[in-house]
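Me: I am new to this structure and would like a close look at a single part of it, with enough of the surroundings to see where that part sits.

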Amino acid sequence: MTKTVDFLLTNALVLTMDKEFNQYAPGAVAVQGDSILAVGPVDEIAKEYTAKETLDCDGKILMPGLVNAHTHVPMTLLRGLADDLRLDVWLMGYMMPVEREFVSPEFVQLGTSIACAEFVRSGVTSFCDMYYFEEDVAKATVDAGLRAVCAQTVLKFPSPDADSWEDSLALARGFIERWKDHPLIVPSVAPHAPFTCTDEILRATAELAVEFDVPLHTHLAETALERENMRSENGMSVIPYVEKQGLLKAKVIAAHCVHIDLGEMHTLLRAGAGVAHNPSSNLKLASGFAPVPRMLEVGLNVGIGTDGPASNNDLDMFEEVRLASFIAKAVSNDPAAVPAPMALAMATRIGAQALHIGHLTGSLETGKRADLILVDATPLHNSPRFRRDPNNAYARLVYASKSTDVSDVMVNGEWLMREHQLLTLDEAELLARANELARQIDAFLIEREQSVLSKLIALGGSMEQESFELQVKVKLDDPSIIRSNIKKPEIKITAHKRYRQYDNYFSFEDPSQGRLRFREDELIDAKGNVASARTRLTLLGPREDKFEYDVLLSRSRYLAPATHTLRFYREYFKPVEEEIVEKDRLRWHIKYKDTQFFVNLDTVEKPDLGHFLEIKSRTWSRMDAEHKAELVLELIALLGATGSETMTRDYIEVVTGQQ
Ligand SMILES: [Zn+2]
């Protein structure tokens with residue numbers, strides 16, 4: 001008596017990708033409902049089963065669908081937006097500003113649908129995602145029919161879907177509660193990375209994942225800089241640090257792990273964590289080489305991921321599998337490292353284990369879900385076929401197959417592609433919508449690039465704007481005269497400080513854009529030591545007006561704490577010229593005729609320009625400024641700084657508007 005099943009896939013080269021690497025040629029797979037009922041040689045399966053629908057695979061390779069262990073699928077819509085930049089400029093200068101402006105539930109659903117179409121076409125049946133509005137990623141994934149671990153991002157900055165991390169955590173909790181038992185989606189939480197989260201976020205997300213027994217998806221030890229910063233700030237490496245925060249109590253999926261040592265690998269192994277290796281992303285962003293052979297030797301489940309399509313820039317797992325093998329060989333100087341069967345296992349069974357869904361998918365075994373693909377291994381670029389070595393089939397897939405050789409895809413017992421025809425997604429419609437969105441994003445960036453100010457604002461963060469500012473500069477031959485005259489009874493000193501100032505001035509092709517100053521200010525204490533330091537970024541408006549010849553009125557200017565490095569701003573703003581000014585500054589906060597002024601006595605050392613007196617005041621209106629200008633002229637006389645006409649015009653050009 002034969003049993004009737006839903007599907008019988010027969011006459012295939014079946015690569016089960018199970019632990020023993022069993023293969024059957026010719027082989028067959030019986031599918032009942034959402035699961036695999038039997039796998040084996042054609043004659044054995046034929047004896048036991050008949051089917052409502054039998055597919056003659058015509059010698060194609062039948063294997064489990066590929067598992068993309070780390071990605072950010074909605075970023076298909078940002079593919080090619082900005083490339084060949086350093087990570088911080090790429091992320092903070094382009095990705096995050098555009099995400100803040102455009103990312104919405106609709107954006108996320110469209111981007112996910114596009115990614116799913118690419119996945120089906122290239123034989124990916126499961127993926128592990130991390131993004132915003134993750135519930136919408138899950139919805140679009142279910143519509144497309146794929147399997148995914150969907151992780152809602154939590155980080156310390158405001159994000160497109162939440163004003164605070166507490167809001168993100170609440171989103172994650174609601175999402176997990178609603179989707180926990182879904183047949184295709186495993187909901188998850190994603191503390192973005194240790195350096196974009198606080199200790200509190202790491203602990204809270206781990207507790208949430210443990211409470212619901214769902215995976216926790218995060219980026220760990222991606223760059224050498226991350227490891228160095230972690231060591232200098234916390235005295236330990238990344239893995240011990242997150243262990244200390246309780247993160248490893250959860251079922252962790254750790255993307256990257258490029259910069260970890262043997263001890264850290266054992267820590268991850270003990271915690272049962274899975275690793276997602278992202279060869280293209282690590283190459284393109286120059287993150288380094290993950291110690292993949294070592295991690296596999298230790299016994300870690302290392303899957304393979306594409307990372308987001310904005311940093312890869314494709315979602316082609318065939319390419320990733322090949323690179324995972326090639327890079328391991330090149331870096332270890334060993335052509336036997338990560339051989340083809342192992343590379344393919346990383347993208348199937350081991351990858352599924354790394355995502356903590358190994359009981360569901362990743363191999364063709366009785367009881368697992370029917371997630372499978374057919375690959376044509378007869379095209380010219382993959383010929384001829386040798387049969388002597390059983391590993392030949394793996395080598396052909398890893399070293400010569402192309403993603404376009406995938407002809408048929410089934411997930412959870414449902415066909416998503418038959419003979420290269422997508423069954424659940426309309427590519428033409430998705431493309432049209434993506435192109436319309438690209439046009440809007442282009443317009444947004446083109447407008448932003450038109451002014452230094454809008455580029456500055458696009459970076460986000462706190463910023464203050466001043467309306468008018470009054471200032472006078474006088475070149476001095478003898479600075480000691482100021483130090484004694486400032487003690488005159490008409491002047492009331494309210495504070496006195498000393499600073500070292502290091503300024504970089506960026507100027508731009510169009511002078512009406514103003515100049516941007518990156519200033520590092522060191523407050524010097526009575527013993528001559530640095531008491532504190534801060535960096536600020538100021539956009540200096542072009543000088544607007546001049547009274548007499550040394551009272552300057554500056555137009556509006558923008559002031560923001562400089563949260564990035566000088567190098568970041570240089571690469572982001574691309575100035576045509578840079579000037580450096582270094583000086584020692586004595587500053588008095590004074591009151592003269594009931595009006596507040598700052599009096600600065602500067603010694604400009606670089607360039608060597610000598611001594612200057614600067615008097616300045618913040619004003620609220622032009623009328624106010626004109627009244628104060630009178631008082632400033634009185635103060636100049638009172639301080640005995642009569643050399644005003646010797647003021648260096650060049651110097652004024654350099655320091656106009658500075659505080
Ligand atoms: Zn990533």
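Which element gives the most to the lining of the largest cavity, and with how many residues?

Reply: The element is α2, which supplies 5 residues to that lining. Before following this further, please bear in mind that the model is predicted, with local features described where pLDDT is at least 70, side-chain atom pairs counted only at pLDDT 80 or more, and totals for chains, interfaces and linings taken over all residues. Residues are numbered from 1 along each chain as its sequence is written, and side-chain values rest on heavy atoms, without hydrogens or water.

The protein has 659 residues, of which 58% count as buried (under 20% relative accessible area with a 1.4 Å probe and protein chains only, against over 50% for exposed and partly exposed in between). Its C-alpha atoms fill a box of roughly 115 × 50 × 45 Å along the principal axes, and within the protein there are 21 helices and 28 strands (DSSP runs numbered from the N terminus, H or I over at least four residues for helices and E over at least two for strands). Among contacts (heavy atoms within 4.5 Å) with a separation of 6 or more, 72% join residues 24 or more positions apart.

Turning to the enclosed spaces, the structure holds 3 cavities of 30 Å³ or more (on a 1 Å grid over the protein atoms alone, point sets where a 1.4 Å probe fits but cannot get out, lined by residues with an atom within 4 Å of a point). The largest of these cavities contains about 330 Å³ of space (the volume filled by probe spheres set on points joined across faces, edges and corners). Its lining is made up of 21 residues, and H72, W90, L91, H192 and H219 are the ones closest to the centre. Both α2, at residues 87–102, and β7, at residues 124–131, supply at least two residues of this lining.

Between α2 and β7 in the numbering comes helix α3, residues 105–121, whose 17 residues reach 24 Å from the first C-alpha to the last, close to the 24 Å expected at 1.5 Å a residue (that is, 1.5 Å times one less than the number of residues). Helix α3 is mostly covered, with 12 of its 17 residues buried, including F107, V108, L110, I114, F119 and V120. After α3 comes G123, which has a positive phi near 80°.

The covered character of α3 can be read alongside the largest nonpolar core (buried Ala, Val, Leu, Ile, Met, Phe, Trp, Tyr and Cys residues joined through side-chain atoms within 4.5 Å). This core has 139 residues, among which M295 and F573 touch the most other members. The element that gives the most to the core is α3, with 9 residues. M295, once its neighbours within four places in sequence are left aside, is in contact with C257, I260, M265, V275, A290, L300 and V302. A second core, separate from this one, consists of 24 residues, including L470, V474, L631 and V632.

Helix α3 also takes part in the second largest pocket, which has a volume of about 580 Å³ (a pocket being an open set of points with protein on both sides within 12 Å along at least five of seven lines). Of its 27 lining residues, T76, R79, I114, E118 and L431 lie nearest the centre. The elements that give two or more residues to this lining are α3 and α16, the latter at residues 427–449, and α16 has the largest share, with 8 residues.

Lastly, some details of the backbone deserve a look. Most residues other than glycine have a negative phi, and most peptide bonds are trans. In the loop between β13 (301–304) and α12 (317–332) lies N313, which is joined to N312 by a cis peptide bond with omega near 5°. That loop between β13 and α12 also holds D307, with a positive phi near 65° although it is not a glycine, and D307 is buried at a relative accessible area of 4%. F21, in the loop between β1 (3–15) and β2 (23–32), likewise has a positive phi, about 55°, without being a glycine, but F21 is partly exposed, at 25% relative accessible area. A cis peptide bond also links S383 to P384, with omega about -5°, and P384 is placed in the loop between β14 (372–375) and α15 (392–400).
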